[in-house]
Amino acid sequence: MDKEQARDDLDRIHAIIKDSIADTMDIYGVNRSIGQLYATLYLSDEPMNLNELRDELGMSKGSMSIGVRKLLEENIIHRVYRKGERKDLYEAEQDFFNFFTSFFTRRWERERDVNMGAIKEAVPHYEAVVENQDYPEEIRNEAAFTLEKIHSSIAYYEFLDLLVTQFRTGNLATELIEKYKKDHS
């Protein structure tokens, strides 16, 4: 078999993994093309620059820059330095346990922040409706019922905060990951 045919075969096999990674990231709300970008870097044996990524994926330079920026923010790709290289080089996080920790803790933090912000904003208004005798009793009762639901949801957001802290400090994640690695080595 010649080298070109062998390369084509390997590229087809790589496409299976790239599509799988992109589909998985899409499940969790990351644009499929950004998932392809991560997968390309993940499977690459060398860091790549934006031009190489663009050539590989056929994406516009603007889309590529946005995708790289998002993946850098997620801390699932990293900028690397190579002596003599003038262009920025990128490589993917190779450890899926680190990927998981970074990816999900950012989402849990965002969920907590968005919802706690809404709760802090809405609670005084619900309380004002409950206390204001000018509102009909039915409306005041509905506001009180909703206020009770909101107060009970705070425990969940406190749990998310604890979960993020445990993952960030490494306590929970490290114990689980080490146990898994020990059990599967």
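**Exercise 1. Which residues of helix 5 are buried?**

Solution. Start with the terms. Helices are DSSP runs of H or I with at least four residues, strands are E runs of at least two, and both are numbered from the N terminus. Buried means under 20% relative accessible area, exposed over 50%, and partly exposed in between, with a 1.4 Å probe and protein chains only. Now list the buried residues of helix 5: F99, T101, S102, F103, F104, T105, W108, R112, I119, V123 and V129.

Note the source. This is a predicted model, where local features need pLDDT of at least 70 and side-chain atom pairs count only at pLDDT 80 or more, while totals for chains, interfaces and linings use all residues. Residues are numbered from 1 along each chain as its sequence is written, and side-chain values use heavy atoms, with hydrogens and water left out.

**Exercise 2. Find where helix 5 bends.**

Solution. Take the range first: helix 5 covers residues 96-131, 36 residues in total. Next, locate the bend, which is the angle between axes fitted to the seven residues ending at a residue and the seven starting there. Helix 5 bends by about 30 degrees at A122. Then look along the chain: a proline, P124, follows within four residues.

**Exercise 3. What parts of the chain do the salt bridges of E74 tie together?**

Solution. Recall the cut-off: a salt bridge is a side-chain nitrogen of Lys or Arg within 4 Å of a carboxyl oxygen of Asp or Glu. Step one: R107 forms one with E74, with the closest N and O atoms 2.9 Å apart. R107 lies in helix 5 and E74 in the loop between helix 4 and strand 1, so the pair ties together parts that are 33 residues apart in sequence. Step two: R106 also pairs with E74, at 3.5 Å between the closest N and O atoms. That pair links R106 in helix 5 to E74 in the loop between helix 4 (61-73) and strand 1, 32 residues apart. Step three: check accessibility. E74 is buried at 6%. R106 is partly exposed at 34%, and R107 is partly exposed at 21%. Finally, join the pieces: K70, E74, R106 and R107 form a network of salt bridges.

**Exercise 4. Which loops do R82 and E46 lie in?**

Solution. Begin with the contact: the side chains of R82 and E46 form a salt bridge, 2.9 Å from N to O. R82 lies in the loop between strand 1 (77-80) and strand 2 (89-92), and E46 in the loop between helix 2 and helix 3 (50-57), so the pair ties together parts 36 residues apart in sequence. R82 is partly exposed at 33%. E46 is partly exposed at 43%.

Notes: The expected span of a helix is 1.5 Å times one less than its number of residues.
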